[in-house]
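Welcome, and please open your viewer. We will go from stop to stop, with a selection to make at each one.

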Amino acid sequence: MSLDLSREDYWSATSRCTISERCKFLFNNELLSDVKFQAVDRDCEGGSKKMKQISAHKFLLAISSPVFYAMFYGELAEKKDSIDVSDCDHKSLLELFRFVYSDEVNLNADNVMQVLYLAKKYMLPSLADKCSEFLRENLDASNVFHVLPDAQKYEEKEQENHCWEVIDNGIDRREVSLSPGY
């Protein structure tokens, strides 16, 4: 989206009556942004590590998270206008920002553990609660082996234990048999 077009859209749109609607419009929008985050795009072809950018607004981030507040307005405030985030992928960071700007998040088995990690890293307990709720409602035998390694990696003991419960409950012990030679 070009900056000129977004400016025109912002000022001509009188239908955005609430602060919520205005913040949603600014999500990943260059208009008025004063910081850019870069994270690895895991979807790029060839296995190369391509960085992808997210436009953001320091003020909105700072009023949502004490970590962002310290990052931008604390004693050792970050002065750069571009910040590399190496411990997550672009899509997960984008979901963290979507939540900050809109109180909405798009979770799935592929991103929930990394979004949970980011929610805890940036001290967003309501997002962490949404991730935990998603896991309680959606973890099953079809996705447990995708979530378990991340639960272990991010040292999420409660989620790891929940994964093991799903695994234990998902095994039909009557069908488990060892073939000859084992």
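**Before you select anything**

Keep in mind that this is a predicted model. Start with the whole chain in cartoon view: there are nine helices and three strands. If you trace the chain through the sequence, the order of elements reads α-α-β-β-α-α-β-α-α-α-α-α. Next, try colouring by accessibility. Of the 182 residues in the chain, 41% are buried. For those who like contact maps, take the contacts with a separation of 6 or more: 56% of them join residues 24 or more positions apart.

**Stop 1: the sheet**

Select the three strands together. They make an open sheet with mixed pairing, and the order across it is β2-β1-β3. On the edges you will find β2 (50–56) and β3 (82–89), each with pairing on one side only. Now turn the view to look across the strands: on average, neighbours in this sheet are turned by 30 degrees against each other, with direction ignored.

Narrow the selection to β1, residues 35–41, along with β3. In which sense do β1 and β3 pair? Their pairing is parallel, and four bridges hold the record of it. A handy pair to label here is Phe37 and Ile83, since the latter is the residue in β3 that Phe37 stands opposite.

**Stop 2: Gln38**

Stay on β1 and pick Gln38, which belongs to this strand. Draw a distance from its C-alpha to that of Val85: the two residues are 47 apart along the chain, and the atoms are separated by 6.0 Å. Then show what surrounds Gln38. Leaving aside residues up to four places away in sequence, Gln38 touches Met51, Lys52 and Gln53, and also Ser82, Ile83, Asp84 and Val85.

**Stop 3: His90**

Move on to His90, which lies in helix α5. Is His90 buried or exposed? With a relative accessible area of 7%, His90 is buried, because the cut-off for that class is under 20%. Display its contacts, again without residues up to four places away in sequence: His90 touches Ala39, Val40 and Asp41, as well as Lys52, Gln53 and Ile54.

**Stop 4: helix α7**

Select residues 125–138, which make up helix α7. This helix has 14 residues, and its first and last C-alpha atoms are 20 Å apart, close to the 20 Å expected at 1.5 Å a residue.

Show side chains and look for the buried ones: Leu127, Ala128, Cys131, Ser132, Phe134 and Leu135. Why do they sit on the same side of α7? The reason is that they cover an arc of only 155 degrees around the axis. The spacing of such a pattern follows from helix geometry: an α-helix has 3.6 residues a turn, so residues three or four places apart point the same way.

What covers these buried residues? Add α5 (90–102), α6 (112–121), α8 (144–153) and α9 (157–170) to the view, as these helices are included in the cover. Then rotate to the face of α7 that is turned away from its buried side, where the exposed residues Pro125, Arg136 and Glu137 are found.

**Stop 5: the loops**

Three loop residues are worth a click.

- Asn28 is in the loop between α2 (19–26) and β1. Its phi is near 50 degrees, a positive value in a residue other than glycine. Asn28 counts as partly exposed, at 35% relative accessibility.
- Asp103 is in the loop between α5 and α6. Here, too, phi is positive, at about 65 degrees, although Asp103 is not a glycine. Asp103 is exposed, with a relative accessible area of 56%.
- Glu155 is in the loop between α8 and α9, and is exposed with a relative accessible area of 69%. Measure across to Tyr117: the C-alpha atoms are 9.2 Å apart in space, while the residues are 38 apart in sequence.

**Last stop: the cysteines**

Finish by selecting cysteines. How many disulfides are there? The count is zero, with sulfur atoms required to be within 2.5 Å for a pair to qualify. Two of the cysteines make a good contrast to end on: Cys17 is exposed, with a relative accessible area of 61%, whereas Cys163 is buried, with a relative accessible area of 0%.

Notes: Residues are numbered from 1 along each chain as its sequence is written. This is a predicted model: local features need pLDDT of at least 70, side-chain atom pairs count only at pLDDT 80 or more; totals for chains, interfaces and linings use all residues. Side-chain values use heavy atoms; hydrogens and water are left out. Two strands pair if DSSP finds at least two bridges between them. Helices (H or I, at least four residues) and strands (E, at least two) are DSSP runs, numbered from the N terminus. Axes are lines fitted to C-alpha atoms, for helices over the stretch in contact, and angles run from 0 to 180 degrees between N-to-C directions. The expected span of a helix is 1.5 Å times one less than its number of residues. Buried means under 20% relative accessible area, exposed over 50%, partly exposed in between (1.4 Å probe, protein chains only). The arc is that of the directions from the helix axis to the C-beta atoms. Contact means heavy atoms within 4.5 Å.
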